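Please open the model in your viewer and keep the sequence panel beside it, since this tour moves from the whole chain to single residues.

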Amino acid sequence: PAWLRRLCGQLLSERLMRPSGVQAVVQGIMEGTGAGGAGAEAAAVDWRKCDVVAKILASCPQQCLSLQDYYRLVCPQILDLLHIQDKLTARQFQRVATTTLLTMVKEHPQLAEKHLLQPLLAPLLRCSET
């Protein structure tokens, strides 16, 4: 029903914009993916799930006041997904993070540059300046 879809969307949006919310949402959705399964089929399901999660993260929820605020709150958390230490979890989280980053750059290049690309490339730029 529409009311349930709206309520779930609202709860998901609220969680995403909290500290560590992106990681909690990704972990909740991806749980159980990648363990077991039969080779290529399991990998394909894993990729599809990563793509779906990335699309969710890249779209600004209706409850958010502005796209700028959403990017400001969520993008640092997306970059944090690149630093997960557990190997199995890291692979999935990195897939989600890179797919989200690509989607955001395509949809809103200026905001993605400011909140994703500049922080990501800052260490490289510092090294090239010296």
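In what order do the elements of the protein chain run from the N terminus on? Colour the chain by secondary structure to follow the answer: the elements run α-α-α-α-α-α, and the count for the protein chain is 6 helices and 0 strands. Please bear in mind throughout that this is a predicted model.

**The whole chain**

With the chain still selected, turn on a surface: the protein chain exposes about 8200 Å², and carbon and sulfur atoms supply 59% of that area. Of its 130 residues, 31% count as buried. If you display contacts between residues at least 6 apart in sequence, 65% of them join residues at least 24 apart.

**The nonpolar core**

Next, select Val22, Val26, Met104 and Leu116, which are the residues with the most contacts inside the largest nonpolar core, a set of 27 residues. Then show the elements that give two or more residues to this core, namely α2 (21–30), α3 (39–58), α4 (67–80), α5 (87–107) and α6 (109–129). Stay with Val22 for a moment and, setting aside residues up to four places away in sequence, look for the residues that it touches, which are Leu16, Leu57, Val74, Gln77, Ile78 and Leu81.

**Helix α1**

Now move to Ser13, whose place is in helix α1 (residues 2–16). Is Ser13 buried or exposed? Ser13 counts as buried because its relative accessible area is 7%, which falls under the 20% cut-off. Show its side chain as sticks, and you will find that it reaches the backbone oxygen of Gly9 at 2.8 Å. Beyond its neighbours within four places in sequence, Ser13 is in contact with Pro61 and Gln63.

In the same helix, select Leu4, which also has its place in α1. At 36% relative accessibility, Leu4 counts as partly exposed, because that value lies between the cut-offs of 20% and 50%. Add Trp3, Leu7 and Leu11 to the selection, since together with Leu4 these residues make a nonpolar surface patch of about 400 Å².

**Helix α5**

Finally, go to Leu102, which lies in helix α5. Leu102 is classed as exposed because its relative accessible area is 51%, and the cut-off for exposed is over 50%. To end the tour, draw a distance from the C-alpha of Leu102 to the C-alpha of Ala54: the two residues are 48 apart in sequence, and the distance in space is 9.2 Å.

Terms used: Residues numbered from 1 in each chain as written. Predicted model: local features only at pLDDT ≥ 70, side-chain atom pairs only at ≥ 80, totals over all residues. Heavy atoms only, no water. Helix = DSSP H or I, 4+ residues; strand = E, 2+ residues; numbered from the N terminus. Buried < 20%, exposed > 50% of the residue type's maximum accessible area, 1.4 Å probe, protein only. Polar contact = N/O pair within 3.5 Å; in protein donor to acceptor, adjacent residues only side chain to side chain. Contact = heavy atoms within 4.5 Å. Patch = residues over 30% accessible without salt bridge, like charges linked within 9 Å, V, L, I, M, F, W, Y side chains within 5 Å. Areas by Shrake-Rupley, 256 points an atom, 1.4 Å probe, with all protein chains shown as cover. Salt bridge = Lys/Arg side-chain N within 4 Å of Asp/Glu carboxyl O. Core = buried A, V, L, I, M, F, W, Y, C linked by side-chain atoms within 4.5 Å.
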